[in-house]
Amino acid sequence: MGTTGRVRFSGFAAALAATAVLLTGCADPDSGSGSGAGSRAGTSPEPGRTHADRGGPAAARLTPEQTVAALPRADDLVDWSLTSRPAAEDLAKKAAMCTGVSAWCKGALQMSSAFFTHRDAGHIEFTVYAYGTSAAATAAYPLVLKDLEIRELDPKSSTEVALPTRVGDAALAKQGTTRLNSPGTLLSAAAGTTVVTVRTGGLANMSKTYTPKELAALGTLLADRSRQVQAGGPATLDLPEGALTYEKKQP
């Protein structure tokens with residue numbers, strides 16, 4: 001994703017860029033009616049629990065390559081299309097911008113996003129923000145959500161989402177009406193030395209309302225994939241079967 005003086009472009013531009021795809025149906029260590037998902041052996045057996053909870057290794061600082069690797073791949077969301085190749089964006093060079101609504105980037109190293117589209121369910125954007133320490137990530141996750149909320153949701157419609165399960169180490173979520181006049185949801189969670197976010201939305205007639213359970217499943221997928229990479233392994237998790245459902249809206 002590109003940057004402005006506030007560090008990132010709004011998802012509004014990305015959503016418009018994905019419209020053509022939708023219409024064509026394209027497929028550190030410190031202490032600090034149909035399914036839209038597939039199921040493989042890597043699916044997390046304990047959603048909402050981190051590696052630290054299960055006695056796993058301490059969280060490690062991610063490299064730019066590892067930050068990208070934590071994101072879902074094209075085949076990790078069945079029936080969805082990955083519309084751009086994820087790349088790491090250096091945030092350490094933007095420290096001078098980390099004030100006000102952009103204070104979330106203090107201590108951030110890099111970030112990377114993956115943008116998925118579905119002709120009957122709008123879009124989902126996954127983003128991983130890598131920090132130097134777990135403490136920095138824990139301090140940043142509510143600030144990341146606030147920045148997203150300001151840019152993405154109508155303030156009159158924004159309300160808090162009560163997640164039914166734990167996501168990462170700590171998480172917050174919001175729902176409301178997006179700038180495209182469609183239902184949108186936002187989730188931000190701390191996961192070791194990272195903050196992971198999920199943003200959903202789309203065109204008014206090509207989006208869906210994600211339930212708290214669905215939003216938690218998406219957040220857990222990304223948080224646990226980040227934890228896998230921090231532990232030194234590849235990210236192998238995908239969504240459990242039936243985690244997302246949607247109604248067919250286009251012929």
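Reader: Which residues of S8 are covered on one side, and which on the other?

Author: This is a predicted model, so read every value as computed from it. In a regular strand, side chains alternate between the two faces of the sheet. S8 shows burial on both faces. Thr194, Val196, Val198 and Thr200 are buried on one side. Val195, Thr197, Arg199 and Gly201 are buried on the other.

Reader: How many residues of S8 are buried?

Author: Eight of its eight residues are buried, so S8 counts as mostly covered.

Reader: Take Thr197 in strand S8. Is Thr197 buried or exposed?

Author: The cut-off for buried is under 20% relative accessible area. Thr197 has 2%, so Thr197 is buried.

Reader: What is Thr197 in contact with, beyond its neighbours within four places in sequence?

Author: Its contacts include Glu125, Phe126, Thr127 and Tyr129. Val144, Leu148 and Leu222 are also among them. So are Leu187 and Ser188.

Reader: Now the pairing. Which way do S4 and S8 run, and how many bridges join them?

Author: They run antiparallel, joined by eight bridges. For one register point, take Ala130, which stands opposite Thr194 in S8.

Reader: In what sense do S7 and S8 pair?

Author: S7 and S8 are antiparallel too, over seven bridges. Here Leu187 has Val198 of S8 as its bridge partner. S7 and S8 also form a hairpin, with two residues between the strands. In that turn, Gly192 has a positive phi of about 65°.

Reader: Step back to the chain. What pattern does the protein chain follow along the sequence?

Author: The chain holds five helices and eight strands. Their order is α-α-α-β-β-β-β-α-β-β-β-β-α. Of its 251 residues, 51% count as buried.

Reader: How do I read a nonpolar core? Which members of the largest core touch the most other members?

Author: Look for the members with the most links inside the set. The largest nonpolar core has 34 residues, and Leu77, Trp80, Ile124, Phe126 and Leu218 touch the most other members. Strands S3 (108-118), S4 (122-131), S7 (183-191) and S8 (194-201) each supply at least two of its residues, as does helix H5 (212-230). H5 gives the largest share, seven residues.

Reader: What does Ile124 touch, not counting residues up to four places away in sequence?

Author: Ile124 touches Leu77, Trp80 and Leu218, among others. Ala114, Phe115 and Phe116 are on the list. So are Val198, Arg199 and Thr200. Tyr210 and Leu244 complete it. There is also a second, separate core of 18 residues, which includes Trp104, Cys105, Ala137 and Val144.

Reader: On to the rings. How many aromatic pairs are there?

Author: A pair of rings is described by the distance of the centres and the angle of the planes. The count is two. Trp104 and Tyr129 are edge-to-face, at 5.2 Å centre to centre and 75° between the planes.

Reader: Why does that pair tie together separate parts of the sequence?

Author: Trp104 lies in the loop between strand S2 (89-90) and S3, and Tyr129 lies in strand S4, so the linked parts are 25 residues apart in sequence. Trp104 and Tyr129 are both buried.

Reader: Why do the rings of Phe116 and Phe126 count as edge-to-face?

Author: Planes over 60 degrees apart count as edge-to-face. For Phe116 and Phe126 the planes stand at 90° and the centres 5.8 Å apart, so the pair is edge-to-face. Phe116 is in strand S3 and Phe126 in strand S4, so this pair ties together parts 10 residues apart in sequence. Both residues are buried.

Reader: Where does Lys208 lie relative to Tyr210?

Author: Lys208 lies over the face of the Tyr210 ring, at 4.7 Å from its centre.

Reader: Which cysteines form a disulfide?

Author: A disulfide is a covalent bond between the sulfur atoms of two cysteines. The whole structure has one. Cys98 and Cys105 form it, with sulfur atoms 1.9 Å apart. The link is left-handed, at -120° about the S-S bond. Cys98 and Cys105 are both buried.

Reader: One last residue. Where is Val68 found, and what is its relative accessible area?

Author: Val68 is found in helix H3 (residues 64-69). Its relative accessible area is 23%, which makes Val68 partly exposed. Beyond neighbours within four places in sequence, Val68 is in contact with Pro86, Ala87, Ala88 and Ser112. Val68 and Ala114 are 46 residues apart in sequence, and 8.7 Å apart in space from C-alpha to C-alpha.

Key: Residues are numbered from 1 along each chain as its sequence is written. This is a predicted model: local features need pLDDT of at least 70, side-chain atom pairs count only at pLDDT 80 or more; totals for chains, interfaces and linings use all residues. Side-chain values use heavy atoms; hydrogens and water are left out. A nonpolar core is a set of buried Ala, Val, Leu, Ile, Met, Phe, Trp, Tyr and Cys residues joined through side-chain atoms within 4.5 Å. Buried means under 20% relative accessible area, exposed over 50%, partly exposed in between (1.4 Å probe, protein chains only). Helices (H or I, at least four residues) and strands (E, at least two) are DSSP runs, numbered from the N terminus. Contact means heavy atoms within 4.5 Å. Two strands pair if DSSP finds at least two bridges between them. Rings of Phe, Tyr and Trp (its six-membered ring) pair if their centres lie within 6.5 Å; planes under 30 degrees apart count as stacked, over 60 as edge-to-face and the rest as tilted. A charge sits over a ring if NZ of Lys or CZ of Arg is within 6 Å of the ring centre and within 35 degrees of the ring normal. A disulfide is a pair of cysteine sulfur atoms within 2.5 Å.
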